[in-house]
Amino acid sequence: MHEILKRLELIKTSIAIEDEEIINLQVIKLSTLSIDAEVERILKKITNNDFANVTSDIEVYLMRFSGITIYEDKEVQGLKLELKVLEKNLQKQLEEKNEYINTINEFNTQYTLHVGGIIQKILHVKQEILSIITAHKESIIQSMKDDYEELKQSILKKRAQKKSLEEALEELNPLEDAYDELYEKLQSLKEELDADEEVLNEKRKEVKEAKQEFDEDPDTQEYEEAKRAYEEFSGEYEEKLKDIPLELSENEKEELKKLYRQASRLCHPDIVADELKVQAHEMMQKLNDAYSKKDLAKIKEILFALENGTGFIIASDSINDKEQLKVKITELREKLKATEDEIAKIQSDEAFEVIKDLDDWEAYFEQLKYNLERELLRVEDEYEALLSGSYVEDESDETEDDNYWSEKF
């Protein structure tokens, strides 16, 4: 009742100073309260622009309750107003942050649609080029391993022969001519074994060094990075293609933004009463999901539900305890500061700087697509040259611009 009387007083004063904006605002506020038939008649007259007797009707109504005295703690009133102002400021900041995030998400979607397929092809060809180069180097190492293994097997056979000769020599009389012949053969075999084992040890060192060089080779590491980049990008790209947002007209996009802002004001977890935060968080998730998919119908459905029964009580309207108000004010100030920091971080991000300065997204993506198609042709030529054996690596061909396609927004 106290709020109804206060708002009627405001309407009366606003009529006297002819402030139509405040009158209309108070009519809306009163319509949400539990009012009696007499107040409804007053509001109907205002709605019909029948102001002739409205002031006197309000005075009569106020006089009936003039004897009612309601105690109000002035500090509580001030704290509630402070909390309400903070809620409004936080809501504005949250809207600004969400607007930035949604713009970046929209840009990323368009980036994917325009050039994602070309980037995937470039990454695949680069991976194939490095795969061939790496495979060639691996084949050289494998050849060295095969040589090492062949010599090793030869040594094992000679060791077996040596053992047989030594056993045979044990059976002979040292004074016989056959003994001398076998002895010379054994000594010759030992010399061969010593030489072979020395070569084997050198080959072992060479294979070990070659393997270490291969593991540390920039091409090997680059191949692993290229393979990982291709797999990661392809996974993300294919996933994004499954969930492309609906296409909307410019008018529908504006309506989507407007309705999203209206709905978020009614359910954002940071400004609702504490006991409703879990439900508000779930509702906000549904709202954000619908917005990311550009599902205008779903946004309308959520807004209708919030305005007609599923709305959330705002903290400043539900808290009347002085200490609780102070705690809530401190909490909102911290959230306001955190949100301001988040906005500043987004604004300083390199991707946001690119988007902010773009007047024509379509022209930007067309130019980017053209550049990427040229890059694809270049790496495809490189790949074909490699297959034909005419490829010669030329680092001078690499420029900073060759990496523009890998930028992530």
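This briefing covers the nonpolar cores, one buried residue and one surface patch of the structure shown above. The structure is a predicted model, and every value given here was computed from that model. The largest nonpolar core has 25 residues, and a second, separate core has 21 residues.

**Nonpolar cores**

- Within the largest nonpolar core, which numbers 25 residues, those with the most contacts inside the core are Y111, V115, I119, I129, L368, L372 and L376.
- At least two residues of this core are supplied by each of α5 (74–171), α7, α12 (322–348), α13 (350–356) and α14 (361–388), and the largest share, twelve residues, comes from α5.
- The second core is separate from the largest one, and among its 21 residues are M283, I299, L303 and L306.
- As general background, nonpolar side chains tend to be buried together in soluble globular proteins.

**A buried residue in helix α5**

- Q127 is placed in helix α5, and this residue counts as buried because its relative accessibility is 11%, which lies under the 20% cut-off for that class.
- Leaving aside residues up to four places away in sequence, Q127 touches Y223, A226, K227 and Y230.

**A nonpolar patch on the surface**

- L113, L241 and I244 make a nonpolar surface patch of about 210 Å².
- Of these patch residues, L241 has its place in helix α7, which covers residues 218–242.
- L241 has a relative accessible area of 36% and is therefore partly exposed, since that class lies between the buried limit of 20% and the exposed limit of 50%.

Note on methods: Residues are numbered from 1 along each chain as its sequence is written. This is a predicted model: local features need pLDDT of at least 70, side-chain atom pairs count only at pLDDT 80 or more; totals for chains, interfaces and linings use all residues. Side-chain values use heavy atoms; hydrogens and water are left out. Patches are made of residues with over 30% relative accessible area and no salt bridge: like charges are joined within 9 Å, nonpolar side chains (Val, Leu, Ile, Met, Phe, Trp, Tyr) within 5 Å. Accessible areas come from the Shrake-Rupley method with a 1.4 Å probe; for residues, only the protein chains shown count as cover. A salt bridge is a side-chain nitrogen of Lys or Arg within 4 Å of a carboxyl oxygen of Asp or Glu. Helices (H or I, at least four residues) and strands (E, at least two) are DSSP runs, numbered from the N terminus. Buried means under 20% relative accessible area, exposed over 50%, partly exposed in between (1.4 Å probe, protein chains only). A nonpolar core is a set of buried Ala, Val, Leu, Ile, Met, Phe, Trp, Tyr and Cys residues joined through side-chain atoms within 4.5 Å. Contact means heavy atoms within 4.5 Å.
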